[in-house]
Amino acid sequence: MRSTKRRSGVVTTALLSVTLSTVSLVACASTTTGPAAQTTPNTTASAAPFPAKVSTSGGSVRIAKRPTAIVSLSATATEMLYAIGAGSQVKAVDEYSNYPSQAPRTKLSGLQPNVEALIADQPDLVLVDADRSGLGKRLASLSIPVLVLPAAAKLDDVYSELSELGTATGHAAQAKDESDQIRTQLTKITDGLTKSVPPLTYYYELEPDYYSVTSSTFVGQLFALIGLKSIADKAAGATAAGGYPQLSAEFIIKANPDFIFLADTICCQATAKSVEKRPGWSTIRALAKQQIVPLSDDIASRWGPRIVDLLQTVADAVAGKR
């Protein structure tokens, strides 16, 4: 889709003024395994006092009582809610919150929030990844708290947001357990790999028009845990583009990456075969060694518990276990 650019493991609108968001333009959820895929709500709340004050990067939010009618306009926040056992408190989620399957998906939009539609659900807590259209101020006038959980720029942001959600929903202990579990799983994945020296290189495709990510982005930092380095690091204007430069076919061919990761398999139907048909690409090392790795757009575009699944897929590819 030319109207959006998936960046840093998330999807953003093409407008520079709009911050990173969670939109994954897909029709169905991808499957996952292991503890990170917890979808059964745990209705036992932690002994957290209310009213609660949640401190976020954007300021403090006061939540008068334990919410029982949460509306999530962020696909990542939705996944986090179910992972910490707050699923039973969720009343509605946005059109892109397609995981877990039992989330009450609606036509609500996180990109163009409709206040009237939100009010109709009578929420006592609204979750967004960016405060678009002054939503926070508009709902504050109606005494509806809005918690902004922006796209993670680093791993610690994932743990911070889980903690914030735990405090906001009364599941602080479960949120800490989930963070600890993610840390443990990531460590297990990385400890089992021998990192190459110099690092193996990769081209990470956000869209067929060659938008990519550098090693400084969230995805880039995640991949660096297993010893990978993005070819986009050397692209002209990479820093000015915030780590998401648009490369050219010529640049990619010359960079000759060891791996190609396709994060546009659902939105744009990219496949190893379609990449192999691109003019001049047959000389790239990744093609010669059949190291083209398809990724789920959903999992690659969010920064919740399923980052474990993303890293495991990449690690398996590097280890030749695909």
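# Exercises on a predicted model

**Exercise 1.** Find the strands that helix α4 (residues 155-169) lies across, and its angle to β8.

*Solution.* Helix α4 lies across β5, β7 and β8. It runs at about 165° to β8. Helices (H or I, at least four residues) and strands (E, at least two) are DSSP runs, numbered from the N terminus. Angles run from 0 to 180 degrees between N-to-C directions, and axes are lines fitted to C-alpha atoms, for helices over the stretch in contact. Contact means heavy atoms within 4.5 Å.

A note on the basis. This is a predicted model, in which local features need pLDDT of at least 70 and side-chain atom pairs count only at pLDDT 80 or more, while totals for chains, interfaces and linings use all residues. Residues are numbered from 1 along each chain as its sequence is written, and side-chain values use heavy atoms, with hydrogens and water left out.

**Exercise 2.** Give the strand order of the open sheet of four strands, then place a helix on that sheet.

*Solution.* Start with the order: β6-β5-β7-β8, with parallel pairing. Two strands pair if DSSP finds at least two bridges between them. Next, the edges. β6 (90-93) and β8 (146-148) each have a single partner strand, so one side of each lacks a neighbour in the sheet. On average, neighbouring strands here are turned by 20° against each other, direction ignored. Now look inside. β5 (residues 70-72) and β7 (residues 125-128) pair in the parallel sense over three bridges. S72 stands opposite L127 in β7. Last, helix α1 (residues 75-83) packs on the sheet and touches β5, β6 and β7. Its direction makes about 135° with that of β5.

**Exercise 3.** Is D157 buried or exposed?

*Solution.* First, locate D157: helix α4 holds it. Then check its relative accessible area, which is 17%. Buried means under 20%, exposed over 50%, partly exposed in between (1.4 Å probe, protein chains only). Therefore D157 is buried. F218 is 61 residues from D157 along the chain, yet their C-alpha atoms are separated by 9.7 Å.

**Exercise 4.** Sort the residues of strand β3 (residues 52-56) by face, and find how β3 is joined to β4.

*Solution.* In a regular strand the side chains alternate between the two faces of the sheet. The covered face of β3 has A52, V54 and T56. The uncovered face has K53 and S55. A hairpin of two residues leads from β3 to β4. Five bridges join β3 to β4 (residues 59-63), and the two run antiparallel. The bridge partner of K53 in β4 is R62.

**Exercise 5.** Which residues touch the most other members of the largest nonpolar core?

*Solution.* A nonpolar core is a set of buried Ala, Val, Leu, Ile, Met, Phe, Trp, Tyr and Cys residues joined through side-chain atoms within 4.5 Å. The largest has 57 residues, and L147, Y204, F223 and F261 touch the most other members. Helix α11 (residues 307-318) gives the most to this core: seven residues. Beyond four places in sequence, the contacts of Y204 include F223, F261 and L295.

**Exercise 6.** Describe how helix α5 (residues 172-191) meets α11.

*Solution.* Their axes come within 10 Å and cross at roughly 5°. Angles under 35 degrees count as roughly parallel, over 145 as roughly antiparallel, 65 to 115 as roughly perpendicular and the rest as oblique. α5 and α11 are therefore roughly parallel. Among the contact residues are L186 and I189 of α5 and V308 and L311 of α11.
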